[in-house]
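User: I would like to learn how to read the features of a structure, beginning with the overall fold and moving on to single residues. Could we go through them one at a time?

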Amino acid sequence: MVAGGTTASGSSSLTVPADDSPEAGFARDMATHHQQAVDLSFIVRDRTTDEPTRTLAFDIINTQANQRGMMMGWLDQWGLSQHSNAQPMAWMKMGHEYQAHDGSLMPGMATNAQMAKLRTLSGRDAEVYFLQLMIEHHKGGVEMAQGYVDMAKNDIEKRLAQSMVVAQTSELGLMTDMLKERGAAPGVPAS
């Protein structure tokens, strides 16, 4: 278990994960994934006046920035670098590697071109494109979080990952409904 505890003598103990452990890999990779969700949410917040979309963006900004801070704090507490030369998600041992391209480092992440396109849209068009991008983003995030839950040795980090699975799965339903209300469907259109 990777958590602080108290021994019989009252001194604290901490088991630090290895630099290439699932604990360190998940903290680094999910922090990167979360940062892009925050960035996308800030973009749409400024591109629409629609209150439900702005509320969703506000919730994503606050939740994922907070969780990102927790994960960066764990790395700092463990004395590990916040960055690694390892391929993103290598800790998952999925048997295949995602081919990073145009700023999309992991499954679900938007490309630089998609983010640039979102910055050019406004109103309903921005809302629809944001929701389509964020649905894909959440699908990738849920896959990564569940991957960590399935191999976790750190109970605290496992609980956070499980809460991400639950919350983002719920938000996937909400965002799909929001798209339907706008006469659109999930799936990011080819640029």
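Analyst: Helices and strands are here DSSP runs, at least four residues long for a helix and at least two for a strand, and they are numbered from the N terminus. Read in that way, the elements of this protein, which is a predicted model, run β-β-α-α-α-α-α from the N terminus on.

User: How many helices and strands does that make, and how compact is the protein for its length?

Analyst: The secondary structure comes to five helices and two strands. The radius of gyration is 18 Å, close to the 16 Å that the globule rule gives for 191 residues, so the protein is as compact as a globular protein of that length. Along its principal axes the C-alpha trace spans about 60 × 30 × 25 Å, and 45% of the 191 residues count as buried. Among contacts between residues at least 6 apart in sequence, 72% join residues at least 24 apart. The accessible surface comes to about 9400 Å², and 52% of this belongs to carbon and sulfur atoms.

User: How should I read the packing of two helices, and at what angle do α2 and α4 pack?

Analyst: Two packed helices are described by the angle between their axes and by the distance between those axes. In this model, helix α2, residues 51–78, packs with helix α4, residues 123–149, at an angle of about 35°, and their axes are 11 Å apart. The crossing of α2 and α4 is left-handed.

User: Which residues of α2 and α4 meet?

Analyst: From α2 come Thr53, Leu56, Ile60 and Gln64, and these meet Glu127, Phe130, Leu131, Met134 and His138 in α4. By type, the residues of this contact divide into five nonpolar, three polar and one charged.

User: Taking Gln64 from that list, is its side of the helix buried or exposed, or rather, which of the two words fits the residue itself?

Analyst: The cut-off to keep in mind is that buried means under 20% relative accessible area. Gln64, whose place is in helix α2, has a relative accessible area of 3%, so it is buried. Leaving aside its neighbours within four places in sequence, Gln64 is in contact with His34, Ala37, Val38, His138 and Gln168.

User: And what about Thr63, which is also in helix α2?

Analyst: Thr63 has a relative accessible area of 40%, and therefore counts as partly exposed. Its C-alpha atom is separated by 9.0 Å from that of Val38, although the two residues are 25 apart along the chain.

User: How do I read a phi angle, and which residues in the loop between α2 and α3 deserve a look on that account?

Analyst: Most residues other than glycine have a negative phi. Met89, in the loop between α2 and α3, has a phi near 65°, a positive value in a residue other than glycine. Asp102 is found in the loop between α2 and α3 as well, and has a positive phi of about 45° although it is not a glycine.

User: How accessible are Met89 and Asp102?

Analyst: Met89 is at 4% relative accessibility and so counts as buried, whereas Asp102, with a relative accessible area of 39%, is partly exposed. Gln99, which is found in the loop between α2 and α3 too, is at 59% relative accessibility and counts as exposed. The C-alpha atoms of Gln99 and Pro88, eleven residues apart along the chain, are separated by 9.8 Å.

Key
Residues numbered from 1 in each chain as written. Predicted model: local features only at pLDDT ≥ 70, side-chain atom pairs only at ≥ 80, totals over all residues. Heavy atoms only, no water. Axes fitted to C-alpha atoms, helices over the stretch in contact; angles between N-to-C directions. Left-handed = near helix turned anticlockwise from the far one by under 90°. Contact = heavy atoms within 4.5 Å. Nonpolar A, V, L, I, M, F, W, Y, C, P; charged D, E, K, R; others polar. Rg over C-alpha atoms; globule rule 2.2 N^0.38 Å. Buried < 20%, exposed > 50% of the residue type's maximum accessible area, 1.4 Å probe, protein only. Areas by Shrake-Rupley, 256 points an atom, 1.4 Å probe, with all protein chains shown as cover.
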